Amino acid sequence: MELHAISTGKQSVEEFVEIASGIHPYIDAIHIREKQRTAKEIIAIIEKLMSRQVPLQKIIVNDRVDVAFATGTRGVQLAHHSIDVGTVRRTFPGLAIGCSIHSPGELEKAEQDGADYLIFGHIFTTESKPGLAPRGLTNLQTIAQASKLPVIAIGGIHPDNVEQVLDAGASGIAVMSGIFEASDPLKAAYDYYSRVKGRDSPQ
């Protein structure tokens, strides 16, 4: 089971780096999702994370395949507006490729094109998707059962509903504001970690 933490794009570089460097022992992947920043700015963020001992193999860059490749991070997270998975797989075979999906049709294409894992959501109501109905646990279960790839669930996930998400078949969860906008991000990260990783322990 994996725990992914995704930047909100609302914080200063300094604040994001401070939080990310503190929580990384409890996080499997830190996603840099900073749509408003240039490639140069994202590279600078990665360099700051490295200087704070955050391993490159924990860093995933949203959308910017060039930055992920140039900096040697673990991989890239692709959305519907990104370069397609197949092109990235052929051109940058060493990158781990995550693909955000919202339907069974997108799942099938991502698998065929060579994605390594999927992010599916949003599962529950979330402030980051106002007015959009959540896809819910039933749809998550359908996707997880149909998928040959790990499915990471996202959207409105709190420590108290992690178990429901994992019971529905998710291979892990992704969290944005629940960690990066928490009053105590380190405590929040550990709370999620204990719920996710507790499932990996022998019963």
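In this predicted model, the loop between helix 2 and strand 3 (59–62) contains Q53. The phi of Q53 is positive, at about 70°, although the residue is not a glycine. Most residues other than glycine have a negative phi, and most peptide bonds are trans. A departure from the second tendency occurs at G121 and H122, which are joined by a cis peptide bond with omega of about 0°. H122 is placed in the loop between strand 6 and helix 6 (136–146).

G121 also takes part in the strand arrangement, standing opposite I154 in strand 7. Strand 6 (residues 117–121) pairs with strand 7 (residues 151–154) in the parallel sense, and the pairing extends over four bridges. These two strands belong to a barrel that eight strands close in the order 1-2-3-4-5-6-7-8, with parallel pairing. From one strand to the next, the twist averages 25°. Strand 6 is further covered by a helical element: helix 5 (residues 104–113) lies across strand 5 (96–101) and strand 6. Relative to strand 5, helix 5 runs at about 165°; because angles over 145 degrees count as roughly antiparallel, helix 5 is roughly antiparallel to strand 5.

Helix 1 packs against two other helices. With helix 9 (residues 185–197), helix 1 (residues 13–23) forms an angle of about 40°, and the two axes are 9 Å apart. Helix 1 and helix 9 are therefore oblique to each other. The crossing of helix 1 past helix 9 is right-handed. On the side of helix 1 the contact is made by I19, G22 and I23, and on the side of helix 9 by P185, L186 and A189. Five of the residues in this contact are nonpolar and one is polar, while none is charged. The polar residue is G22, because glycine is counted among the polar residues.

The second partner of helix 1 is helix 2 (residues 39–51), and their axes come within 10 Å and cross at roughly 35°. This crossing, too, is right-handed. Helix 1 contributes V13, F16, V17 and A20, which meet I45, K48 and L49 in helix 2. By class, the contact of helix 1 with helix 2 comprises six nonpolar residues, no polar residues and one charged residue. The charged residue is K48, because lysine counts as charged.

Aromatic pairs were also counted, and the total comes to five. One of the pairs is formed by F69 and F92, whose rings are 4.9 Å apart centre to centre, with 50° between the planes, a tilted arrangement. This pair links distant parts of the chain, its members being 23 residues apart. F69 belongs to helix 3 (residues 65–71), whereas F92 is found in the loop between helix 4 (85–91) and strand 5. Strand 5 is also one of the strands across which helix 5 lies.

Definitions and conventions. Residues numbered from 1 in each chain as written. Predicted model: local features only at pLDDT ≥ 70, side-chain atom pairs only at ≥ 80, totals over all residues. Heavy atoms only, no water. Pairing = 2+ DSSP bridges. Axes fitted to C-alpha atoms, helices over the stretch in contact; angles between N-to-C directions. Contact = heavy atoms within 4.5 Å. Parallel < 35°, antiparallel > 145°, perpendicular 65-115°, else oblique. Left-handed = near helix turned anticlockwise from the far one by under 90°. Phe/Tyr/Trp six-rings, centres within 6.5 Å; stacked < 30°, edge-to-face > 60°.
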